[in-house]
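Work through the exercises below with the sequence and the structure at hand. Try each task before reading its solution.

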Amino acid sequence: MARTPREILQESTTVAVVGASRDRMKAAGSVPLALQRRGFRILPVNPHATELFGERAYRSLSEIEEHVDLVDVFRPSSEAAAVAREAVAIGAGAIWLQQGIVSVEARRLAEDAGIDYVEDLCIAVEAALEQVRK
């Protein structure tokens, strides 16, 4: 049985953020910071940065040498399947496509690999709701 978004958040500590941005006015910049403030370890994935949010930035998921509980995706829907393939390859625990991002192929790849999958949902909103529930 797949975990709910709430369960994924409760059971995750390390979040790789694909498409992380240095621009805090963009969701890809503000959401990772909000997660970091809530205690999540953020591993930014951005091929054009060396450091974001005080953490080393990685060019791709395959460069990350530690276990990733959750891959949070801030890339267009057309790129989601490629990110899902990488997430499967590194053994990530879950894939989360941000609000407005949907991919039938990414969902299939995750389900075939037994990886929990969420799409079209803002992780920061869910994390804030989880905080309120506590």
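**Exercise 1: a residue and its contacts**

Leaving out residues up to four places away in sequence, Arg107 touches Tyr117 and Glu119. The model used here and in the other exercises is predicted.

Task: Find which helix holds Arg107, and decide whether Arg107 is buried or partly exposed.

Solution.
1. Arg107 belongs to helix α4, residues 104-113.
2. The relative accessible area of Arg107 is 31%. Buried means under 20% and exposed means over 50%, so Arg107 is partly exposed.
3. A distance can be added: 8.2 Å separates the C-alpha atoms of Arg107 and Val118, which are 11 residues apart along the chain.

**Exercise 2: the overall layout**

Task: State how many helices and strands the protein has, and in what order the elements run from the N terminus.

Solution.
1. The count is five helices and seven strands.
2. Starting at the N terminus, the order is α-β-α-β-β-β-β-α-β-α-β-α.
3. The radius of gyration is 13 Å, close to the 14 Å given by the globule rule for 134 residues, so the protein is as compact as a globular protein of that length.
4. Along the principal axes, the C-alpha atoms fill a box of roughly 35 × 35 × 25 Å.
5. Of the 134 residues, 49% are buried.
6. Among contacts with a separation of 6 or more, 58% are between residues 24 or more positions apart.

**Exercise 3: the buried side of two helices**

Task: List the buried residues of α5 and of α2, and say what packs against them.

Solution.
1. Helix α5 spans residues 123-133, and its buried residues are Ile123, Ala124, Glu126, Ala127 and Glu130.
2. Viewed down the axis of α5, these buried residues fall within an arc of 160 degrees, so they line one face of the helix.
3. Their cover includes α1 (5-10), α2 (27-37), β5 (70-73) and β6 (94-97).
4. In α2, the buried residues are Ala28, Gly29, Val31, Pro32, Leu33 and Leu35.
5. These pack against β1 (14-18), β2 (41-45), β5 and α5.
6. After α2 comes Gly39, with a positive phi near 105 degrees.

**Exercise 4: a residue in a strand**

Task: Decide whether Thr14 is buried or exposed, and name the residues it touches.

Solution.
1. Thr14 lies in strand β1.
2. Its relative accessibility is 10%, so Thr14 counts as buried.
3. Not counting residues up to four places away in sequence, Thr14 touches Arg41, Leu43, Glu66, His67, Val68, Asp69 and Leu70.

**Exercise 5: positive phi outside glycine**

Task: Locate Phe53 and Asp120, and classify each by its accessibility.

Solution.
1. Most residues other than glycine have a negative phi.
2. Phe53 is not a glycine, but its phi is positive, about 55 degrees.
3. Phe53 sits in the loop between β3 (51-52) and β4 (55-56). With 13% relative accessibility, Phe53 counts as buried.
4. Asp120, also not a glycine, has a positive phi of about 55 degrees.
5. Asp120 sits in the loop between β7 (116-118) and α5. With 40% relative accessibility, Asp120 counts as partly exposed.

**Exercise 6: surface and charge**

Task: State what share of the exposed area carbon and sulfur atoms supply, and how far apart the centres of the positive and negative side chains lie.

Solution.
1. The protein exposes about 6900 Å², and carbon and sulfur atoms supply 49% of this area.
2. There are 16 positive and 20 negative side chains.
3. The centres of these two sets are 5 Å apart.

Terms used:
Residues numbered from 1 in each chain as written. Predicted model: local features only at pLDDT ≥ 70, side-chain atom pairs only at ≥ 80, totals over all residues. Heavy atoms only, no water. Helix = DSSP H or I, 4+ residues; strand = E, 2+ residues; numbered from the N terminus. Rg over C-alpha atoms; globule rule 2.2 N^0.38 Å. Buried < 20%, exposed > 50% of the residue type's maximum accessible area, 1.4 Å probe, protein only. Contact = heavy atoms within 4.5 Å. Areas by Shrake-Rupley, 256 points an atom, 1.4 Å probe, with all protein chains shown as cover. Lys, Arg positive; Asp, Glu negative; His and termini not counted. Charge placed at Lys NZ, Arg CZ, Asp CG, Glu CD. Arc of directions from axis to C-beta.
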